[in-house]
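Welcome! Please take a moment to look over the model shown here before reading on.

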Amino acid sequence: MTELFYGIGDLFSNYLLTPFDALMALELDNWWLANIVSWILILIAMVGFVYWMLELKKYDDNNEEDKSISSHSFL
(Lines give C-alpha, C1' and ligand atoms only; values in the text may rest on other atoms or scores of the structure.)
Protein backbone atom coordinates (compact mmCIF):
# COMPACT_ATOMS: atom_id res chain seq x y z
CA MET A 1 0.00 0.00 0.00
CA THR A 2 2.93 2.31 0.70
CA GLU A 3 4.19 1.85 -2.85
CA LEU A 4 0.87 3.14 -4.18
CA PHE A 5 1.23 6.42 -2.30
CA TYR A 6 4.88 6.74 -3.31
CA GLY A 7 3.81 6.10 -6.91
CA ILE A 8 1.16 8.81 -6.73
CA GLY A 9 3.69 11.22 -5.21
CA ASP A 10 6.21 10.36 -7.92
CA LEU A 11 3.59 10.87 -10.65
CA PHE A 12 2.70 14.34 -9.45
CA SER A 13 6.15 15.60 -8.46
CA ASN A 14 8.04 14.27 -11.49
CA TYR A 15 5.50 14.44 -14.30
CA LEU A 16 2.27 16.35 -13.78
CA LEU A 17 3.71 19.38 -11.98
CA THR A 18 6.73 19.81 -14.27
CA PRO A 19 5.19 22.81 -16.11
CA PHE A 20 4.78 24.59 -12.78
CA ASP A 21 8.45 23.96 -12.00
CA ALA A 22 9.29 25.67 -15.28
CA LEU A 23 7.08 28.62 -14.30
CA MET A 24 8.83 28.78 -10.94
CA ALA A 25 12.21 29.03 -12.68
CA LEU A 26 10.82 31.66 -15.05
CA GLU A 27 9.81 33.88 -12.12
CA LEU A 28 13.37 35.11 -11.72
CA ASP A 29 13.31 36.50 -15.26
CA ASN A 30 9.75 37.68 -15.85
CA TRP A 31 7.11 37.93 -13.12
CA TRP A 32 4.24 38.52 -15.57
CA LEU A 33 4.88 35.35 -17.56
CA ALA A 34 5.46 33.31 -14.41
CA ASN A 35 1.96 34.17 -13.21
CA ILE A 36 0.25 33.46 -16.54
CA VAL A 37 -1.88 30.67 -15.02
CA SER A 38 -3.27 33.10 -12.45
CA TRP A 39 -3.99 35.70 -15.13
CA ILE A 40 -5.82 33.14 -17.27
CA LEU A 41 -7.95 32.01 -14.33
CA ILE A 42 -8.78 35.62 -13.43
CA LEU A 43 -9.78 36.28 -17.04
CA ILE A 44 -12.02 33.19 -17.12
CA ALA A 45 -13.68 34.29 -13.86
CA MET A 46 -14.30 37.79 -15.20
CA VAL A 47 -15.84 36.48 -18.42
CA GLY A 48 -18.05 34.10 -16.43
CA PHE A 49 -19.16 36.92 -14.12
CA VAL A 50 -20.10 39.18 -17.04
CA TYR A 51 -21.99 36.33 -18.72
CA TRP A 52 -23.89 35.57 -15.51
CA MET A 53 -24.84 39.22 -14.99
CA LEU A 54 -26.08 39.50 -18.58
CA GLU A 55 -28.21 36.38 -18.14
CA LEU A 56 -29.67 37.75 -14.91
CA LYS A 57 -30.48 41.02 -16.66
CA LYS A 58 -32.16 39.14 -19.52
CA TYR A 59 -34.45 37.29 -17.10
CA ASP A 60 -35.11 40.48 -15.14
CA ASP A 61 -36.09 42.34 -18.32
CA ASN A 62 -38.54 39.55 -19.28
CA ASN A 63 -40.18 39.68 -15.82
CA GLU A 64 -39.82 35.92 -15.49
CA GLU A 65 -38.90 36.03 -11.81
CA ASP A 66 -41.61 35.85 -9.16
CA LYS A 67 -40.79 38.83 -6.95
CA SER A 68 -43.81 38.56 -4.66
CA ILE A 69 -43.11 38.35 -0.95
CA SER A 70 -44.88 35.00 -0.61
CA SER A 71 -43.10 33.39 -3.56
CA HIS A 72 -41.91 30.54 -1.31
CA SER A 73 -44.16 28.42 0.82
CA PHE A 74 -41.94 28.73 3.89
CA LEU A 75 -42.22 32.55 4.02
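The report below goes from the whole chain to a few side-chain contacts.

## The chain as a whole

What you see is a predicted model. Its protein chain has four helices and zero strands, and reading along the sequence gives the pattern α-α-α-α.

How does the radius of gyration of the protein chain stand against that of a compact globule of 75 residues? The globule would come out near 11 Å, but the protein chain has 23 Å. Along its principal axes, the C-alpha trace spans about 60 × 40 × 15 Å.

## Surface and burial

Take a look at the surface next. Buried residues account for 3% of the 75 residues in the protein chain. The accessible surface adds up to about 7,100 Å², and carbon and sulfur atoms hold 69% of that area.

## Helix H4

Helix H4 covers residues 36-61. With 26 residues at 1.5 Å a residue, H4 should span 38 Å; its end C-alpha atoms lie 37 Å apart, so the two values agree. Just after H4 comes Asn-63, which takes a positive phi of about 55 degrees.

## Two salt bridges

How many salt bridges does the structure hold? There are two, and both can be found by following H4.

One joins Lys-58 to Glu-55, with 3.3 Å between the closest N and O atoms. These residues are three apart in helix H4, which means that about one helical turn separates Lys-58 from Glu-55. Lys-58 has a relative accessibility of 41%, so Lys-58 counts as partly exposed, below the 50% that exposed residues must exceed. Lys-58 also has an aromatic neighbour: Lys-58 lies over the face of Tyr-59, 5.6 Å from the ring centre.

The other salt bridge brings together the side chains of Asp-61 and Lys-57, at 3.0 Å from N to O. Asp-61 and Lys-57 are four residues apart in H4, again about one turn of the helix. Is Lys-57 buried, exposed or partly exposed, and what is its relative accessible area? Lys-57 is partly exposed, with a value of 48%.

## A cluster of tryptophans

Now for the aromatic rings. Searching the whole structure turns up three aromatic pairs. Among them is the pair of Trp-31 and Trp-32, whose ring centres are 5.0 Å apart; their planes meet at 85 degrees, so this pair is edge-to-face. Trp-31 and Trp-39 make another edge-to-face pair, with 6.2 Å from centre to centre and 80 degrees between the planes.

Trp-31 takes part in both of these pairs, and ring pairs link Trp-31, Trp-32 and Trp-39 into a cluster. How accessible are the members of this cluster? Trp-31 is partly exposed at 44% relative accessibility, and Trp-39 is partly exposed too, with a relative accessible area of 36%. Trp-32 has a relative accessible area of 55%, so Trp-32 counts as exposed, a class that starts over 50%.

Technical notes: Residues are numbered from 1 along each chain as its sequence is written. This is a predicted model: local features need pLDDT of at least 70, side-chain atom pairs count only at pLDDT 80 or more; totals for chains, interfaces and linings use all residues. Side-chain values use heavy atoms; hydrogens and water are left out. A salt bridge is a side-chain nitrogen of Lys or Arg within 4 Å of a carboxyl oxygen of Asp or Glu. Helices (H or I, at least four residues) and strands (E, at least two) are DSSP runs, numbered from the N terminus. Buried means under 20% relative accessible area, exposed over 50%, partly exposed in between (1.4 Å probe, protein chains only). Rings of Phe, Tyr and Trp (its six-membered ring) pair if their centres lie within 6.5 Å; planes under 30 degrees apart count as stacked, over 60 as edge-to-face and the rest as tilted. A charge sits over a ring if NZ of Lys or CZ of Arg is within 6 Å of the ring centre and within 35 degrees of the ring normal. The expected span of a helix is 1.5 Å times one less than its number of residues. The radius of gyration is taken over C-alpha atoms; the globule rule is 2.2 Å times the number of residues to the power 0.38. Accessible areas come from the Shrake-Rupley method with a 1.4 Å probe; for residues, only the protein chains shown count as cover.
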